[in-house]
Amino acid sequence: MNVTRRNILKHLGTGGALAALVVSGLMRPIAAFAGQWSKPSFESKDMAAAMKNLDAAAAVDSKDIVLTAPAIAENGAVVPVSVVSNIPNTTRISILVEKNPFPLAGSFEMTEGALPDVGVRLKFSQTSNVRAVVFAGGKAYMTQKEVKVTAGGCGG
Amino acid sequence: MAMHRREFLQVLAAAAAAGFALDSPDLLAAQGGGGAGKFYDLPRFGNVSLLHFTDCHAQLSPIYFREPSVNLGLGAALGKAPHLVGEHLLKAFRIKPGTAEAHAFTYLDFAQAAKTYGKIGGFAHLATLVKQLRASRPGSLLLDGGDTWQGSATALWSRGQDMVDASKLLGVDIMTGHWEFTLGHQRVEEIVAKDFAGKIEFLAQNVKTSDFGDPVFKPYTLREMNGVPVAIIGQAFPYTPIANPRWMVPEWTFGIQEEEMQKVVDEARAKGAQVVVVLSHNGMDVDLKMATRVTGIDAILGGHTHDGVPAPSIVKNSGGQTLVINSGSNGKFLSVLDFDVSVGKGTGKIQGYRYKLLPVFANLLQADPAMAAHIEKVRAPYQDKLAEKLAVSEGLLYRRGNFNGSWDQLILDAMLEVKGADIAFSPGFRWGTTILPGQTITMEHLMDQTAITYPWSTLTEMSAETIKTILEDVGDNLFNPDPYYQQGGDMVRVGGMTYTCDPNARMGSRINDMRLNGKPLEAGKTYKVAGWAPVAEGAKGEPIWDVVARYLRDKKTIAPRKLNMPKLVGMAGNPGMQV
């Protein structure tokens, strides 16, 4: 455990640093890079509409996207989700939580040379698929995984 | 009179059938096969030997433990180990019915056979067996899969200290954990840093800090055994903060983390490990799936689901094969895994292996004096409390099984009456010892079923919808077709209310026809529901052992329990169930 790093961050005010990474799926999110496209996509109330508004309705499944999320959430209020894109020329990574009231949880624009590797902590209203959508070379790619949100207790 | 072996065995069988206790080691050993005194005679094989026990649940003294009669396997797990019970298990592993081994591995004729073969486990007897095996296997390692510091009154009252000291005395080299974490993260850190320093390594590759993902424990260790570098990787119970109170480990995150597991295996191999073994608390179904996806593991020595499986499950994967082994629970078994690894320049190949899961029969093994003295010492301050006689049980009381066992039925019956509830829930724990018909239930026995750090009993108004949601939620933790979504407990035990359960259905559709006194539960109506072991922070209530003790003292005699089993749909012919 890197105690020094932790202590330094505590002094600096970890809250602010971490809050920047947190994108909530239940509250109406504010896009970090608000452009013309963002408002309707973030306000979409179901997966199909969100995908359409992202111009990702035709997204194809890709094994070159590594989506990491727990099979069962330890805490549905802060589920760590990360996405790494191995698709060349990735320009944007979007993350969606299917069963949330507003599925689109966050979008990250990649400037040229940026490593397409993002991590967020998301609130899940219930057991749901989480989907990563990657845009590269003008095409959309996706992969998804189910995250179970459970009441807990009763284990072994 | 000279007696041939065959005649001798016939006499034994007749004696067993007539209910005589066979407590002479020679007699028992003869029946176990191989002649008198040979039951534990396991010749050395190869040059890398691992001894493994798991989920002893702090049972320092010999006990009875009945294996399940219901342990359903669904989908790909149907009809495969560990989802085989009773005669199905005997047949699959070619174990002769009516033998000591048949008694150890199954529930068959349990009360009668338990009288014949006596109690199992106990650290003093286990210590003798460990010493004997280590004498024939120089350099061998003793691995503990966890759930060692919880499950008994003395472990709870000494905050695990009795078990920590017993583990050191037993010569445990490496351990991982699950219920250990319910002593709170500070206590775990204290034991690992102080008591275990230089003696026992606590390993877990899948426990990280929740802020930066830094490792909390050492992920693996590299040990040289007779010239062979051997890596042991720790895998703690992945769902600790979900199945148990998260507030006890607030800054740690768990999970299966198979990508990380692959990295650790690759790193150990790169550093020269010729044998890679995972000491796992995943539960056997999760181990079996992990073995198909992570390559380079020679064996997984697992626990959590309390499956005592007589032979390894061999899982093929793109890197070769992995032996998946689970070593039972409650101190009942000791696994012996021997590898023969070629030694010399440019070699290091596993040429063969032998495996045996040895039942620990207390009557067949002398108690180790040093361990016996330790056990006596830790029990002494609590002796009066432990020995308090609460009631006499007329029937067999056991817990293990996918649905209500008779011990849980007794706890539910007590909760319904003492709390004045309509419905009662008791968690689907897999630990808890067994009481034979006619045996006196002591406070120690009651604590064997209830000794946890969050023992509070509760009474809550719940709607029919909430009750259904809870049952569906727990049902999915047990019956989800994907093992990675299973948490390794049994179904929540239900009192007062009947229901049907269709394990093959999807979550939300498994639980149907919920009835109270024959009448369907009404939508919108609320019911008084008693429960215990709440995982929420700040929960309060009378400890469950006080509730049940009051009931037992009042009743004095406990008649055989009538099990409130759900009506099962689609399970006819499942070899994980015998009726």
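This is a short dialogue on reading a predicted model, with chain B as the main case.

Reader: Where do I start with chain B? How many helices and strands does it have?

Author: Start with the inventory. Chain B has 18 helices and 25 strands.

Reader: What are the spans of its C-alpha trace along the principal axes?

Author: They come to about 75 × 75 × 50 Å. Then look at the radius of gyration. For chain B this is 23 Å, and the globule rule gives 25 Å for 579 residues. The two values are close, so chain B is as compact as a globular protein of that length.

Reader: What share of its residues is buried?

Author: Count neighbours around each residue. A residue with 20 or more other C-beta atoms within 10 Å is buried. In chain B, 56% of the 579 residues are buried. Check sequence separation too. Take the contacts between residues at least 6 apart in sequence: 76% of them join residues at least 24 apart.

Reader: How do I read a sheet? In what order do the strands S16, S18, S19 and S23 of chain B stand?

Author: Read across the sheet, not along the chain. The order is S18-S23-S16-S19, in an open sheet with mixed pairing. Now find the edges. Strands S18 (457–463) and S19 (493–495) of chain B have a single partner strand each, so one side of each has no neighbour in the sheet. On average, neighbouring strands are turned by 25° against each other, direction ignored.

Reader: Which way do S16 and S19 of chain B pair?

Author: Look at the direction and the bridges. S16 (423–426) and S19 of chain B are antiparallel, with 3 bridges. One residue to find is Ala424(B), whose bridge partner in S19(B) is Gly495(B).

Reader: What does helix H17 of chain B lie across?

Author: H17(B) lies across S16, S18 and S23 (526–532) of chain B. The angle between H17(B) and S18(B) is about 115°.

Reader: Is helix H16 of chain B mostly covered or mostly open?

Author: Go through the helix residue by residue. H16(B) covers residues 443–450, and 7 of its 8 residues are buried. Among them are Glu444(B), His445(B) and Leu446(B). The cover includes helices H7 (153–157), H14 (383–387), H15 (406–419) and H18 of chain B. Strands S15 (389–393) and S17 (440–442) of chain B are also part of it.

Reader: What about the backbone? Which residues does the cis peptide bond join?

Author: Check omega. The cis bond joins Ala81(B) and Pro82(B), with omega about 5°. Pro82(B) sits in the loop between strand S1 (48–53) and helix H3 (86–92) of chain B.

Reader: Where is Asn517(B), and why does it count as exposed?

Author: Asn517(B) is in the loop between strands S21 (511–516) and S22 (519–520) of chain B. Its phi is positive, near 50°, and it is not a glycine. Asn517(B) counts as exposed because it has 8 C-beta neighbours inside 10 Å. Try Lys556(B) next. Its phi is about 65°, again in a residue that is not a glycine. Lys556(B) lies in the loop between helix H18 (544–555) and strand S24 (557–558) of chain B. It has 10 C-beta neighbours inside 10 Å, so it counts as exposed.

Reader: How many residues of chain B are in contact with chain A?

Author: Count each side. Here 33 residues of chain B are in contact with 15 residues of chain A. Helices H10 (240–243) and H17 (464–479) of chain B each supply at least two residues of that side of chain B. The largest share, 4 residues, comes from H17(B). By class, this side has 17 nonpolar, 12 polar and 4 charged residues.

Technical notes:
Residues numbered from 1 in each chain as written. Chains lettered and ligands numbered in written order. Predicted model: local features only at pLDDT ≥ 70, side-chain atom pairs only at ≥ 80, totals over all residues. Buried ≥ 20, exposed ≤ 12 C-beta atoms within 10 Å, placed from the backbone. Contact = placed C-beta atoms within 7 Å. Nonpolar A, V, L, I, M, F, W, Y, C, P; charged D, E, K, R; others polar. Rg over C-alpha atoms; globule rule 2.2 N^0.38 Å. Pairing = 2+ DSSP bridges. Axes fitted to C-alpha atoms, helices over the stretch in contact; angles between N-to-C directions.
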